[in-house]
Structure formats: structure tokens, C-alpha cells
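Please open your viewer and get ready to click along. We will go from one selection to the next and say what is there.

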Amino acid sequence: MESVTFEDVAVNFTVEEWTLLDPPQKRLYRDVMKETFRNMAAIGRVLGSQEVEEEYKNYQRNLSI
């Protein structure tokens, strides 16, 4: 089975698209992405993958935009 990366399941907005979202939409996006990270991190720990945790840290920094 082929590995799934965070990029396979993430929804990425451009800066312009992000500015069009209202605050509740941004909160929902952050909540969903955090849950996705937690799920992938849990799978990564089971499989011994450090890559998932690194992707989480990098993406978490970008959510603060």
C-alpha cells in the first residue's frame, strides 16, 4: 500500500482565497486541519514515521497567517 502524505489530504488556500473566508470558515478550516494532523500523527506513530510530525509543525506555522 502506498503511503498517504499530508498534501494528499490537505486543502490549501491561496492568500487571496484565505482573505475571502469569514472568521467562522477560517476556524472550521483550522479545526478540520488540526484533526487531520492528529489522525495522521497517530498513524505515523504507529508506523514509526517522523515525516508526519515534521509536516504538522511546518503546516501549523502556516495556519497563523
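Before the first selection, one cut-off is worth having at hand: a residue counts as buried when its relative accessible area is under 20%, as exposed when that value is over 50%, and as partly exposed in between. Keep in mind, too, that this is a predicted model.

**Stop 1: the whole chain.** Show the cartoon. You will find four helices and zero strands, and read from the N terminus the elements run α-α-α-α. The protein has 65 residues, of which 23% count as buried. If you switch on the surface, its accessible area comes to about 5,200 Å², with 55% of that belonging to carbon and sulfur atoms. Among contacts between residues at least 6 apart in sequence, 62% join residues at least 24 apart.

**Stop 2: tyrosine 29.** Is this residue buried or exposed? Its relative accessible area is 10%, under the 20% cut-off, so tyrosine 29 is buried. Leave it selected, since the next two stops add its ring partners.

**Stop 3: phenylalanine 13.** The protein has three aromatic pairs. One of them joins phenylalanine 13 and tyrosine 29 in an edge-to-face arrangement, with 5.1 Å from centre to centre and 70° between the planes. Phenylalanine 13 sits in the loop between H1 and helix H2 (15-20), while tyrosine 29 belongs to helix H3, so this pair ties together parts that are 16 residues apart in sequence. In contrast to its buried partner, phenylalanine 13 is partly exposed, at a relative accessible area of 34%.

**Stop 4: tryptophan 18.** Add this side chain to the view. The ring centres of tryptophan 18 and tyrosine 29 are 5.4 Å apart and their planes stand at 70°, so this pair is edge-to-face. Tryptophan 18 lies in helix H2 and tyrosine 29 in helix H3, so the pair ties together parts that are eleven residues apart in sequence. Tryptophan 18 counts as buried, at 11% relative accessibility. With all the partners on screen, you are looking at one aromatic cluster made of Phe13, Trp18 and Tyr29.

**Stop 5: the core.** Now select Phe6, Ala10, Trp18, Leu21, Tyr29, Met33, Phe37 and Met40: these eight residues form the largest nonpolar core. Which helix gives the most to this core? The answer is H3, with four residues.

**Stop 6: phenylalanine 6.** Zoom in on this core member, found in helix H1 (residues 6-9). Phenylalanine 6 has a relative accessible area of 3%, so it is buried. Try a distance label from here to phenylalanine 37: the two are 31 residues apart in sequence, and their C-alpha atoms are 7.7 Å apart in space.

**Stop 7: threonine 36.** Move to helix H3 (residues 23-47), where threonine 36 has its place. Which residues does threonine 36 touch, leaving aside those up to four places away in sequence? They are Phe6 and Val9. With a relative accessibility of 18%, threonine 36 counts as buried.

**Stop 8: valine 32.** Stay in helix H3 for the last selection, valine 32. Here the relative accessible area is 42%, so valine 32 is partly exposed. Finish with a label to valine 11: the C-alpha atoms of these two valines are 9.9 Å apart, with their positions 21 residues apart in sequence counted as separation.

Definitions and conventions. Residues are numbered from 1 along each chain as its sequence is written. This is a predicted model: local features need pLDDT of at least 70, side-chain atom pairs count only at pLDDT 80 or more; totals for chains, interfaces and linings use all residues. Side-chain values use heavy atoms; hydrogens and water are left out. Buried means under 20% relative accessible area, exposed over 50%, partly exposed in between (1.4 Å probe, protein chains only). Contact means heavy atoms within 4.5 Å. A nonpolar core is a set of buried Ala, Val, Leu, Ile, Met, Phe, Trp, Tyr and Cys residues joined through side-chain atoms within 4.5 Å. Rings of Phe, Tyr and Trp (its six-membered ring) pair if their centres lie within 6.5 Å; planes under 30 degrees apart count as stacked, over 60 as edge-to-face and the rest as tilted. Accessible areas come from the Shrake-Rupley method with a 1.4 Å probe; for residues, only the protein chains shown count as cover.
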